[in-house]
Amino acid sequence: METIVLKFGGTSVGSTDRISAVANLIKTACDEASPVVVVSAMSGETNRLIELAQSFGSEPNKREFDALVSTGEEVSASLLAIALNQLGLKAKSLSAAQVGMKTTSNFSRAKILDLNKDIIFKTIEDGYVPIITGFQGVTNEGDRTTMGRGGSDTTAVALAAVLGADECQIFTDVQGVFTTDPRVVEGARCLDEITFEEMLELAS
């Protein structure tokens, strides 16, 4: 059975209802593939944690800042695993440290150096859907790091590459692809379809 990486952003796991919807989506995916799931923190949670850290001053200790802001992903990973277990699927939340997601020690801007694919494959072989925390890693000294905004996408792509996954699907909870950013431009249209070439042009 092929391996696919599914990544769900903050809005997709932003409430218990949305987490339930994601769990159903993953259950359907299990019919055709072995999914490895990556999650962001629930929508707004990282910002809340940043504000808490900065309530003691605008420049919090970098190590402790990363230790704090990386906790959001652990909440969503555990909640999603609970939701999947309730649907009768075996699922296991795994932190970056548990999958050996080694990074540089540049706090808040860490780069991935290595990860232990054997742990993930063993989790799948044992019949579990691995739910992995995005955005975070761990140094050789065991300190938690974060990869900066958008870091969960980086986690998903790195996992897909190392696992030799057949696909990496990045989900976000929006209506569709618009002609331009609807938050900025009034009258932006949602497209019915778009070619790969047009999508590349739009993204650049």
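**Group meeting talk: a walk through the sheet and the surface**

Let me begin with a single residue, R183, which counts as exposed because its relative accessibility is 76%, and exposed here means over 50%. Before going further, I should say that what you see above is a predicted model, so please keep that in mind throughout the talk. As for where this arginine sits, R183 belongs to the loop that runs between β9, residues 167-171, and α7, residues 196-203. If we look from there to A97, the two residues are separated by 86 positions in the sequence, and their C-alpha atoms lie 37 Å apart in space.

From that exposed loop residue I would like to turn to the sheet. In what order do the five strands of the open sheet stand? The order is β3-β6-β2-β1-β9, and the pairing is parallel. At the edges we find β3, residues 91-94, and β9, and since each of them has a single partner strand, one side of each is left without a neighbour in the sheet. Going from one strand to the next, the twist averages 20 degrees. As a general reminder, the strands of a sheet pair through backbone hydrogen bonds, and they may do so in a parallel or an antiparallel way.

Now let us look at β2, and ask how many of the six residues of this strand, residues 34-39, are buried. The answer is six of the six, and for that reason β2 is largely enclosed by the rest of the structure. In a regular strand, side chains alternate between the two faces of the sheet. In β2, S34, V36 and V38 are on one side while P35, V37 and V39 are on the other, and with all of these residues buried, both faces of the strand are covered.

What are the partners of β2 within the sheet? One of them is β1, residues 3-8, which runs parallel to β2 and is joined to it by six bridges. Within this pairing, T3 stands opposite S34, and L6 stands opposite V37. The other is β6, residues 129-133, which pairs with β2 in the parallel sense over three bridges, and here V38 has I132 of β6 as its bridge partner. The connection from β1 to β2 also deserves a moment, for β1, helix α1 at residues 16-29, and β2 together make a right-handed β-α-β unit.

Let me move on to charged pairs. Across the whole structure, a search finds eight salt bridges, and I will go through a few of them. In helix α2, residues 45-54, R48 and E45 lie three residues apart, which is about one turn of the helix, and they form a salt bridge whose closest N and O atoms are 2.9 Å apart. R48 itself is partly exposed, because its relative accessible area is 43%.

Another salt bridge links E64 with R63, where the closest N and O atoms are 2.7 Å apart. E64 counts as partly exposed at 42% relative accessibility, and R63, with a relative accessible area of 36%, is partly exposed too. Then there is D126, which forms a salt bridge with K122, the closest N and O atoms being 2.9 Å apart; D126 counts as partly exposed at 35% relative accessibility, and K122 does so at 45%. Elsewhere, R63, E64 and D143 are joined into one network by salt bridges that share partners.

The surface also has a nonpolar patch, formed by I194, M199 and L202, which together have about 210 Å² of accessible area. L202, which is found in helix α7, is partly exposed with a relative accessible area of 39%.

I will finish with two backbone details. S108, although not a glycine, has a positive phi of about 70 degrees, and F135, again not a glycine, has a positive phi of about 75 degrees. S108 is in the loop between β4, residues 102-103, and β5, residues 112-114, whereas F135 is in the loop between β6 and β7, the latter at residues 136-138. Is each of these two residues buried, or partly exposed? S108 counts as partly exposed at 25% relative accessibility, while F135 is buried, because its relative accessible area is 8% and buried means under 20%.

Technical notes
Residues numbered from 1 in each chain as written. Predicted model: local features only at pLDDT ≥ 70, side-chain atom pairs only at ≥ 80, totals over all residues. Heavy atoms only, no water. Helix = DSSP H or I, 4+ residues; strand = E, 2+ residues; numbered from the N terminus. Buried < 20%, exposed > 50% of the residue type's maximum accessible area, 1.4 Å probe, protein only. Pairing = 2+ DSSP bridges. Right-handed = clockwise from strand over helix to strand, strands pointing away. Patch = residues over 30% accessible without salt bridge, like charges linked within 9 Å, V, L, I, M, F, W, Y side chains within 5 Å. Areas by Shrake-Rupley, 256 points an atom, 1.4 Å probe, with all protein chains shown as cover. Salt bridge = Lys/Arg side-chain N within 4 Å of Asp/Glu carboxyl O. Axes fitted to C-alpha atoms, helices over the stretch in contact; angles between N-to-C directions.
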